[in-house]
Amino acid sequence: MACATNAISLPLSSNPNSKLSSDFIPKLNKPVNVSLRASTSAELNPGRLFLSRPIGHSRRICANATPVMDQSVGERSSSVPTIVEVDLGNRSYPIYIGSGLLDQHELLQKHVHGKKVLVVTNTTIAPLYLDKVVDALTKGNPNVSVENVILPDGEKYKNMETLMKVFDKAIESRLDRRCTFVALGGGVIGDMCGFAAAAFLRGVNFIQIPTTVMAQVDSSVGGKTGINHPLGKNLIGAFYQPQCVLIDTDTLNTLPDRELASGLAEVIKYGLIRDAEFFEWQEKNMEKLMARDPDAFAYAIKRSCENKAEVVSLDEKESGLRATLNLGHTFGHAIETGFGYGEWLHGEAVAAGTVMAVDMSYRLGWIDSSIVKRVNDILQRAKLPTAPPETMTVEMFKSVMAVDKKVADGLLRLILLKGPLGNCVFTGEYDRKALDDTLSAFCKS
């Protein structure tokens, strides 16, 4: 999707009163219009939503362009995965979501086309799930050989030096262009493995098996891969789509509480920028999410993936619309870079950054005070920070934000809320005083 303007506005999801049970199968024969309001008008006919439930098969949701409509408060977990399709033409791929999916060997094996696999994981995840994944790849499939590389765990290792360990192992193992890389871990592993797959032999297949909330609801979907640079987060990377994303929700059972809360920052984001009904559901169910209720989490992951898949299908390489998924990230990335990679988890920095973006939106007169309060309230209930570290200064924010990926021709573009809940803009057209006032309000100097 081409975007020649600086501002994009996202409307609320269609028909706020629509409630679909899991047995109701809508077929929308006409495209659903999504307007992209900017300094010049643009209109997009994104296509159709098709939900199907073939008897004895997976629940498939083709999330190619249409607002999410299912509002059920979580379906009972079952061995039959829900499938959300990321519609990218001949590069489309499924997101499998469900409990016990690592025990369903055929799900992984059908996406491995060669005879050699390299599993990329870390020191935390390897003892928990590496053997299970190797078994899933090889059971009844003796022609496949699996190598692995175990990296140190943490954002501070998301760099070129660590990435070279993946290439070293791939070359030492004499992997060829028909090999498959498998990312087993959270967002750091997924980003690095994907980038390695994009670069090794100029591109080999890879599969995402995310094991954190953050990775399951956001980073594993959409093909953003890369590493950090000392001067900025995720500045080196590539858009490179996986063959599939396999989300076994059982992996969340071993996730520490802090990591779980961190991932909820991205879940909350979807409600704020484009899915007001989902945000309202979160407000009613946050305690269930914090208590790891399996049905609530299954629903939150599914709905988040539907939202992400829709946006990626429309704007794979972030020419405009996809940038709106970065609400709070410009401020948040500045916190991660300025405070030190790994000192705060990504979701913690995004949470504080979201509060700052919402504050700025209010100062611009684009939202009312009730949204500011609701954002602060839900983040606090999720046990996430609502302000940056005290050591962050105005100058630190500005210096890091100046090299943000969303800067165009020297102009810092931001994702801000505008209008009713569920609406946002991606724009460089804002009063700079509002940005200065927000930074001054949250920083001591």
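This section describes the overall make-up of the protein, three helix packings and four individual residues.

The model is predicted. The protein contains 13 helices and 17 strands. It has 445 residues, and 58% of them count as buried. Among contacts with a separation of 6 or more, 73% join residues 24 or more positions apart.

Two of the helix packings involve helix α6. Two packed helices are described by the angle between their axes and the distance between the axes. Helix α6 spans residues 257-273. Helix α8 covers residues 294-314. The axes of α6 and α8 lie 10 Å apart, at an angle of about 50°. Oblique angles include those from 35 up to 65 degrees, and α6 and α8 are therefore oblique to each other. The crossing of α6 past α8 is left-handed. On the α6 side, the contact is made by L260, L264, V267 and Y270. On the α8 side, F297, A300, S304, N307 and K308 take part. Six residues of this contact are nonpolar, two are polar and one is charged.

Helix α6 also packs against α10, with the axes 7 Å apart and an angle of about 40°. This pair, too, is oblique. Helix α6 passes α10 in a left-handed crossing. Helix α6 contributes R258, S262, A265, E266 and L272 to the contact. The residues from α10 are H346, G347, E348, V350, A351 and T354. By class, the contact of α6 with α10 divides into four nonpolar, four polar and three charged residues.

Helix α10 (residues 346-363) has a further partner in helix α13 (residues 432-442). Their axes come within 9 Å and cross at roughly 135°. Angles over 145 degrees would count as roughly antiparallel; at roughly 135°, α10 is oblique to α13. The crossing of α10 past α13 is right-handed. From α10, the contact draws on V355, M356, D359, M360 and R363. From α13, it draws on A434, L435, D437, T438, L439, A441 and F442. Eight of the residues in the contact of α10 with α13 are nonpolar, one is polar and three are charged.

V355 gives a closer view of helix α10, in which it lies. Its relative accessibility is 5%. Buried means under 20%, so V355 counts as buried. V355 is one of the α10 residues that make the contact with α13. Neighbours within four places in sequence aside, V355 is in contact with N376, L379, T386 and F442. F442 is also among the α13 residues of the helix contact. V355 and T438 are 83 residues apart in sequence. In space, their C-alpha atoms are 10.0 Å apart.

K406 sits outside the helices. It lies in the loop between α12 (394-401) and β14 (407-408). K406 has a relative accessible area of 3% and is buried. The side chain of K406 makes a polar contact with the side chain of T330, at 3.2 Å. T330 also appears among the residues in contact with K406 once neighbours within four places in sequence are left aside. The others are N326, L411, R413, I415 and F426.

Two further loop residues have positive phi values. In R174, phi is near 55°, a positive value in a residue other than glycine. R174 lies in the loop between α3 (160-172) and β9 (180-185). Its relative accessibility is 68%. The cut-off for exposed is over 50%, so R174 counts as exposed.

L201 likewise is not a glycine, and its phi is positive, at about 50°. The loop that holds L201 runs between α4 (187-199) and β10 (205-210). L201 has 34% relative accessibility and counts as partly exposed. R174, by contrast, is exposed, while K406 is buried.

Technical notes
Residues are numbered from 1 along each chain as its sequence is written. This is a predicted model: local features need pLDDT of at least 70, side-chain atom pairs count only at pLDDT 80 or more; totals for chains, interfaces and linings use all residues. Side-chain values use heavy atoms; hydrogens and water are left out. Buried means under 20% relative accessible area, exposed over 50%, partly exposed in between (1.4 Å probe, protein chains only). A polar contact is a pair of N or O atoms within 3.5 Å; within protein, one must be able to donate a hydrogen and the other to accept it, and residues adjacent in sequence count only if both atoms are side-chain atoms. Contact means heavy atoms within 4.5 Å. Axes are lines fitted to C-alpha atoms, for helices over the stretch in contact, and angles run from 0 to 180 degrees between N-to-C directions. Angles under 35 degrees count as roughly parallel, over 145 as roughly antiparallel, 65 to 115 as roughly perpendicular and the rest as oblique. A crossing is left-handed if the near helix is turned anticlockwise from the far one by less than a right angle, and right-handed if clockwise. Ala, Val, Leu, Ile, Met, Phe, Trp, Tyr, Cys and Pro count as nonpolar, Asp, Glu, Lys and Arg as charged, and the others, Gly among them, as polar.
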